[in-house]
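Thank you for letting me take a few minutes of the meeting today. Please have a look at the sequence and the structure first, and then I will go through a few places in turn.

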Amino acid sequence: MENTQKKSGFVTLIGRPNVGKSTLMNRLIGQKIAITSSKPQTTRNRIQTVYTDERGQIIFLDTPGIHKAKNKLGEYMVNVAEHTLKEVDVVLWLVEPTTFIGAGERHIAEQLNKTDRPVILVINKIDTIKNQDEVITFIAAYKDICNFAEIVPLSALKGKNTELLTELIFKYLPYGPEYYDEDTVTDQPMRQIAAELIREKALRLLDDEVPHGIAVTIEKMKERKDGIMDIEATIICERESHKGIIIGKGGSMLKKIGSAARTEIQNMMDLQVNLKLWVKVRKEWRDSELYMKNYGYNPKDT
């Protein structure tokens, strides 16, 4: 007799910074939740998103990249990523298409060899390879570093082999109840999503001009009677010189960031948004536990 029970469970995406974890998660759930940018370490908190279909429910935890920490924020991010391995049913390890396995990947493999969870190796960005036959050499380079349940070459950006990956995740998930309503896509509060979208637009538009040390806080988020959502937010940076760059000549850059973020927040919330942005300097906030806590990164959470 066929088993009609549904499957459900928790899946974490791990990997070094900038391997495409957030892009893959957004692709798998079919909606943009995690912020993506060409800068590494864009994801700072553990983002929980939900995928539901007739087979059951997958709860994805998109963690910060595992890397060598340079400050308190870095340590917090690495702790979040490594703690998650103990709490999930399946681990997805994302790597770039290469035969070179560096110290960073070996560090991740060490962590994974300590877990009894099934690990699926995902070789991402295969759309960047001219000769697809090379994929076999990448699989060969990685296959013995860890005891993988499966190895899947795919392109998160183009959606190649992503449905196969979803199928394999369900294969390894236990039978169980749905943890969330079927129309839930994330457990993140709207304030946090709005803050992350503003931060993404700032990172993208500023490109390499401002280092990674920006945070965004939402000061006010209130819906008017006419349905318009008023949002007031502050972009936090570490230096006066950065503040000038973020504001731009005559406020031009801040306007660009605000306009891009407003559009995306409106699409996400499906209502009209009135967004006001400010910029503040908080020197070396990434090394201050108090500031980190204020900006939503609590070291005690790990």
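When I say that two residues touch, or are in contact, I mean that they have heavy atoms within 4.5 Å. Please also keep in mind that what you see is a predicted model.

With that word in hand, let us begin at Ile 151, which is found in strand 6. Leaving out residues up to four places away in sequence, Ile 151 touches Leu 121, Ile 123, Ile 139 and Lys 143. One of these partners, Leu 121, is 30 residues apart from Ile 151 along the chain, and yet the C-alpha atoms of the two are separated by 4.7 Å. Is Ile 151 buried or exposed? Its relative accessibility is 25%, and because buried means under 20% and exposed means over 50%, Ile 151 counts as partly exposed.

Strand 6 also helps to cover helix 4, so let us turn there. The buried residues of helix 4 are covered by parts that include strand 4, helix 3, strand 5 and strand 6. Val 135, Phe 138 and Tyr 142 are buried in helix 4, and because they span an arc of only 60° around the axis, they lie on the same side of that helix.

Tyr 142 leads us to the aromatic rings, where the count comes to 3 aromatic pairs. In one of them, the ring centres of Trp 93 and Tyr 142 are 5.8 Å apart and the planes stand at 85°, so this pair is edge-to-face. Since Trp 93 belongs to strand 4 and Tyr 142 to helix 4, the pair ties together parts that are 49 residues apart in sequence. Both ends are buried, with a relative accessible area of 0% for Trp 93 and 1% for Tyr 142. Trp 93 also pairs with Phe 148, this time in a tilted arrangement, with 6.0 Å from centre to centre and 35° between the planes. Because Phe 148 lies in the loop between helix 4 and strand 6, while Trp 93 is in strand 4, this second pair ties together parts that are 55 residues apart in sequence. Phe 148 is buried as well, and ring pairs link Trp 93, Tyr 142 and Phe 148 into a cluster.

Now for the nonpolar cores. In soluble globular proteins, nonpolar side chains tend to be buried together. Which residues touch the most other members of the largest nonpolar core? They are Ile 198, Ile 235 and Ile 246, in a core of 29 residues. Helix 6, strand 7, strand 8, helix 8 and strand 9 each give two or more residues to this core, and the largest share, 8 residues, comes from helix 6. If we again set aside residues up to four places away in sequence, the contacts of Ile 198 include Val 216, Ile 235, Ile 257 and Leu 277. Apart from this core lies another one, of 25 residues, among them Ile 14, Val 50, Leu 61 and Val 95.

Let me end with a polar residue, Thr 234, which is found in strand 8. Thr 234 is buried, with a relative accessible area of 2%, and its side chain makes a polar contact of 2.6 Å with the side chain of Glu 219. Beyond its neighbours within four places in sequence, Thr 234 is in contact with several residues, including Val 216, Thr 217, Trp 278 and Val 279.

Technical notes. Residues are numbered from 1 along each chain as its sequence is written. This is a predicted model: local features need pLDDT of at least 70, side-chain atom pairs count only at pLDDT 80 or more; totals for chains, interfaces and linings use all residues. Side-chain values use heavy atoms; hydrogens and water are left out. Rings of Phe, Tyr and Trp (its six-membered ring) pair if their centres lie within 6.5 Å; planes under 30 degrees apart count as stacked, over 60 as edge-to-face and the rest as tilted. Helices (H or I, at least four residues) and strands (E, at least two) are DSSP runs, numbered from the N terminus. Buried means under 20% relative accessible area, exposed over 50%, partly exposed in between (1.4 Å probe, protein chains only). The arc is that of the directions from the helix axis to the C-beta atoms. A nonpolar core is a set of buried Ala, Val, Leu, Ile, Met, Phe, Trp, Tyr and Cys residues joined through side-chain atoms within 4.5 Å. A polar contact is a pair of N or O atoms within 3.5 Å; within protein, one must be able to donate a hydrogen and the other to accept it, and residues adjacent in sequence count only if both atoms are side-chain atoms.
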